[in-house]
Amino acid sequence: MAKTQAHSQWSSRMGFVLAATGSAVGLGNIWKFPYMVGQSGGAAFVLVYLACIALIGVPILVSEWMIGRRGQKNPINTMAQVARQNGHSANWAVVGAVGVLAAFLILSFYSVIGGWALAYMRDAASGAFSGLDKAAIGSAFEGFLAQPGELLTWHSIFMLLTVVVVALGVSAGLERGTKLMMPALGLILIVLVGYAMTTGSFGEGLAYLFNPDWSKLDGKVLLAALGHAFFTLSLGMGIMLAYGSYLGEDVDLLRAARTVVIMDTTFALCAGMAIFPIVFANGLDPAAGPGLVFVTLPIAFGSMSGGLVIGALFFLLLTFAALTSSISLLEPVVELLEERTPLNRVGATVVAGGTIWALGIAALLSFNVWSEVKLFGMNVFDLLDYATSKFMLPLAGLGAIVFAAWKLDQQGVKAELGLGKFGFSLWTLLSRYVAPVGVLFVFWSNL
């Protein structure tokens with residue numbers, strides 16, 4: 001039986017902005033974005049990416065916050081209620097349902113990777129990488145993935161940390177957690193960038209990241225920029241609908257979105273400024289892709305002076321980035337259970353976290369015991385990733401922007417966003433046409 005209670009609220013605008021930024025700053029910012037920039041034209045890619053953020057990411061982000069603030073409930077109930085208030089079918093609740101389910105599924109395998117970061121922080125601090133070459137570290141990583149007990153331990157620790165933070169509630173848990181972790185992330189990044197300046201390859205790293213190479217810009221790069229702009233802001237996962245439901249009327253949504261985008265991009269670029277000078281100084285491959293974090297960088301940490309400290313700091317950075325995203329992924333699921341079942345905050349968090357943890361076991365077993373188990377030609381881990389990123393997130397994001405642009409009273413939207421005539425005309429163009437077409441383009445390309 002659902003219960004009636006006062007809905008939680010952020011205690012401050014800054015707490016909300018840090019929580020939203022924490023959700024955006026995740027594992028992808030630390031390893032994926034930097035090598036995408038380096039491989040795809042440097043500053044040219046950054047400019048295209050920022051254009052995609054402005055034209056597509058921000059309208060969807062603001063729309064999800066706006067819908068969530070109007071509904072003041074979990075994503076499913078919010079979509080149904082706001083739809084009814086505007087004279088439309090409550091079936092729009094399916095948009096919220098897809099988002100919550102996506103967050104549930106993503107966290108199950110995201111927690112497994114978060115566990116890898118924890119394990120590698122231990123290994124870096126203990127000197128486990130010292131003197132190892134690429135073959136040895138690659139073999140060690142493969143051996144790590146082949147041990148279900150080891151993976152389960154770290155997956156369990158990571159999920160437990162996530163559950164503890166979320167169980168404390170919006171203000172004492174999500175807000176306080178990100179107020180601690182986001183400054184810590186920034187401080188660690190500053191230290192790592194400072195170290196990168198001493199490697200003798202800082203200029204080479206900056207050139208790799210920021211020298212514009214317009215010849216590399218093609219349709220594939222545009223699609224990559226478009227896709228990353230959508231996914232980096234945690235859109236289509238029910239997260240921003242949930243975060244919006246804790247917002248008061250005093251928060252300027254467009255200003256908050258601008259701050260989140262600037263902070264998210266700054267963290268991602270600083271990660272590249274820390275990583276690539278270390279890579280170049282040690283003669284390693286900057287285009288190593290996903291293997292950059294768990295194979296390429298440990299080679300450098302194992303051979304360079306101060307590698308124990310720098311390596312441990314880097315994987316602490318990676319762990320914090322994963323945690324700030326994982327608590328946001330758990331939140332919409334917990335909010336749903338808390339509002340639609342007799343469970344209190346702690347009970348809802350334990351049930352949601354425990355169920356996600358159990359599904360994560362299936363994901364980690366796909367690297368070893370269940371490696372031969374295939375569904376649609378993919379193991380469990382890859383299937384969860386594919387189903388969410390290629391289908392569920394674009395569909396939920398598309399539903400949110402279409403609903404906000406076409407189903408809400410637009411004069412009310414204009415007043416809520418504080419837009420003048422020109423600003424509202426631009427908002428209408430972006431929200432009704434540019435952003436939906438961009439998401440459809442991503443979805444169609446994925447197919």
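**Exercise 1: Helix α6**

Work out how the span of helix α6 in this predicted model compares with the expected one, and find which of its residues are buried.

*Solution.* Start with the extent of the helix: α6 runs over residues 134-145, which makes 12 residues. Next, take the reach from the first C-alpha to the last, which is 17 Å. At 1.5 Å a residue, 16 Å would be expected, so the two values are close.

Now turn to burial. The buried residues of α6 are I137, G138, F141, F144 and L145. They lie on the same side of α6, because they cover an arc of only 120° around the axis. Look at the other side of the helix and you will meet A135 and E142, which are exposed.

Finally, ask what the buried residues pack against. Their partners are three helices: α5 (93-126), α7 (148-167) and α13 (291-303).

**Exercise 2: Q410 and its surroundings**

Place Q410 in its helix, decide whether it is buried or exposed, and list its contacts.

*Solution.* First find the helix: Q410 belongs to α17, which covers residues 410-417. Then check its accessibility. The relative value is 11%, and the limit for buried is under 20%, so Q410 counts as buried.

Next, follow the side chain of Q410. It reaches the backbone oxygen of A404 at 3.0 Å, and that of A405 at 3.3 Å. To complete the picture, set aside the neighbours within four places in sequence; Q410 is then in contact with A404, A405, F424 and R432.

**Exercise 3: The largest pocket**

Describe the largest pocket by its volume, its lining and the helices that contribute to it.

*Solution.* Begin with the volume, which is about 1,500 Å³. The lining of this pocket consists of 48 residues. To find its centre in the structure, look for G28, W31, K32, D385 and S389, the lining residues that lie nearest to it.

Then see where the lining comes from. Among the helices that each supply at least two residues are α1 (13-24), α2 (27-39), α14 (307-340) and α16 (380-406). Helices α5 and α13 also belong to this group, and both pack against the buried residues of α6.

**Exercise 4: S445**

Find the helix that holds S445, classify its exposure, and give its C-alpha separation from G227.

*Solution.* S445 sits in helix α18. Its relative accessible area is 32%, so S445 is partly exposed. For the last step, compare sequence with space: S445 and G227 are 218 residues apart along the chain, while their C-alpha atoms are separated by 9.9 Å.

Conventions. Residues are numbered from 1 along each chain as its sequence is written. This is a predicted model: local features need pLDDT of at least 70, side-chain atom pairs count only at pLDDT 80 or more; totals for chains, interfaces and linings use all residues. Side-chain values use heavy atoms; hydrogens and water are left out. Helices (H or I, at least four residues) and strands (E, at least two) are DSSP runs, numbered from the N terminus. Buried means under 20% relative accessible area, exposed over 50%, partly exposed in between (1.4 Å probe, protein chains only). The arc is that of the directions from the helix axis to the C-beta atoms. Contact means heavy atoms within 4.5 Å. A polar contact is a pair of N or O atoms within 3.5 Å; within protein, one must be able to donate a hydrogen and the other to accept it, and residues adjacent in sequence count only if both atoms are side-chain atoms. On a 1 Å grid over the protein atoms alone, a cavity is a set of points where a 1.4 Å probe fits but cannot get out, and a pocket is an open set with protein on both sides within 12 Å along at least five of seven lines; lining residues have an atom within 4 Å of a point. Grid points are joined across faces, edges and corners, and a volume is the space filled by probe spheres set on the points.
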